[in-house]
Amino acid sequence: MSRTVYLNGEYLPEDEAKVSVFDRGFVMADAVYEVTSVLGGKILEFEGHMARLARSMAELEMVCDLTRDDWLAIHREMVARNDLDEGLIYLQVTRGNAGDRDFHYPPEGTPPTIVLFTQAKPGLADDPKAKKGIKVISIPDLRWSRRDIKTVQLLYPSMAKMAAEKAGKDDAWFVEDGFVTEGSSNNVYIVKDGRIITRQLSTDILHGITRASLLKYAESAQMVIEERPFTIAEAQAADEAFYTSASAFVMPVVEVDGAAIGTGKVGPVATRLREIYLDESRKSAI
Ligand code: PDD
């Protein structure tokens with residue numbers, strides 16, 4: 001079944017939506033994006049994703065006139081037109097069609113290109129991987145140093161996922177100056193003696209929307225959180241590990257670079273946090 005996508009104010013069949021070859025997103029990766037999940041036809045973490053989108057655009061001096069209510073109406077229309085029950089909404093805003101290839105930004109007033117599409121993922125909340133846990137490799141973090149801006153420059157994360165796949169594993173964790181920054185498309189955590197340890201926010205990592213909510217829920221559940229960097233050796237000696245993202249919620253990690261974490265099985269803290277996160281975010285979905 002052909003999806004209905006959103007392009008610059010229009011809802012179109014996916015094969016009729018066309019973007020210029022001169023679009024800044026295409027020739028310069030000059031674009032930001034968000035991925036928002038949908039469960040039971042409702043949008044999770046909408047306010048968080050919209051706040052981060054606005055921040056990413058502001059950091060890059062990108063301008064877009066759509067209000068929060070406009071965005072919500074578009075998201076809801078995408079859910080309705082695609083009959084989306086469980087899955088993802090991908091949103092991208094580029095600096096628009098510059099009319100030619102040029103390193104300079106296009107003139108003020110050039111409209112941004114706005115694209116949304118849906119990805120149906122039946123069973124997203126019930127992913128069997130969450131019961132088994134996933135295995136990761138570590139890889140040097142060779143990305144640019146403004147990882148707090150959610151740009152579409154995803155070649156290196158793609159290379160990292162391919163390296164993991166070649167090694168027969170599920171994902172990669174980035175390491176810089178001896179410390180883990182984040183996963184290829186997620187924020188990472190270890191659990192040691194009941195404490196949840198995760199790197200503090202800075203320009204080194206994406207400020208995950210799932211991360212922010214999860215830490216809030218963990219705190220309400222009287223769990224102890226330590227925001228600081230950790231090493232691969234520390235992860236290998238931890239009791240548990242997991243990652244968070246909009247597309248996977250809370251995902252247990254049971255092996256890093258060939259070493260089992262804790263028992264090598266999914267642990268109680270990750271299991272509980274996944275339950276709490278799914279319960280709470282379903283409750284606040286709109
Ligand atoms: N990735 N870190 C990176 C590098 C990411 O790409 C992501 C999200 C996260 C988690 O952020 P959030 O909790 O807001 O989803 C952290 C999305 C899901 C993606 O690119 O598909």
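## Ligand shell

A residue counts as near the ligand, and so belongs to the shell around it, if one of its heavy atoms lies within 4 Å of it. In this predicted model, 19 residues surround the ligand, and the closest are Tyr33, Arg52, Glu182, Thr210 and Ala246. The shell divides into five nonpolar, 10 polar and four charged residues, with Gly counted as polar and Tyr as nonpolar.

## Polar contacts and burial

For polar contacts (pairs of N or O atoms within 3.5 Å), a polar side-chain atom of Glu182 lies 2.7 Å from a ligand nitrogen atom. A backbone N or O atom of Ala246 is 2.8 Å from an oxygen atom of the ligand. The protein buries 89% of the 470 Å² that the ligand exposes when taken alone (Shrake-Rupley method, 1.4 Å probe).

## Position

Because domain 1 (4-125) and domain 2 (129-284) both give residues to the shell, the ligand lies between them; the bounds come from an automatic or database domain assignment.

## Basis

Residues are numbered from 1 along each chain. Local features need pLDDT of at least 70, side-chain atom pairs need 80 or more, totals for chains, interfaces and linings use all residues, and side-chain values use heavy atoms, without hydrogens and water.

Note on methods:
A polar contact is a pair of N or O atoms within 3.5 Å; within protein, one must be able to donate a hydrogen and the other to accept it, and residues adjacent in sequence count only if both atoms are side-chain atoms.
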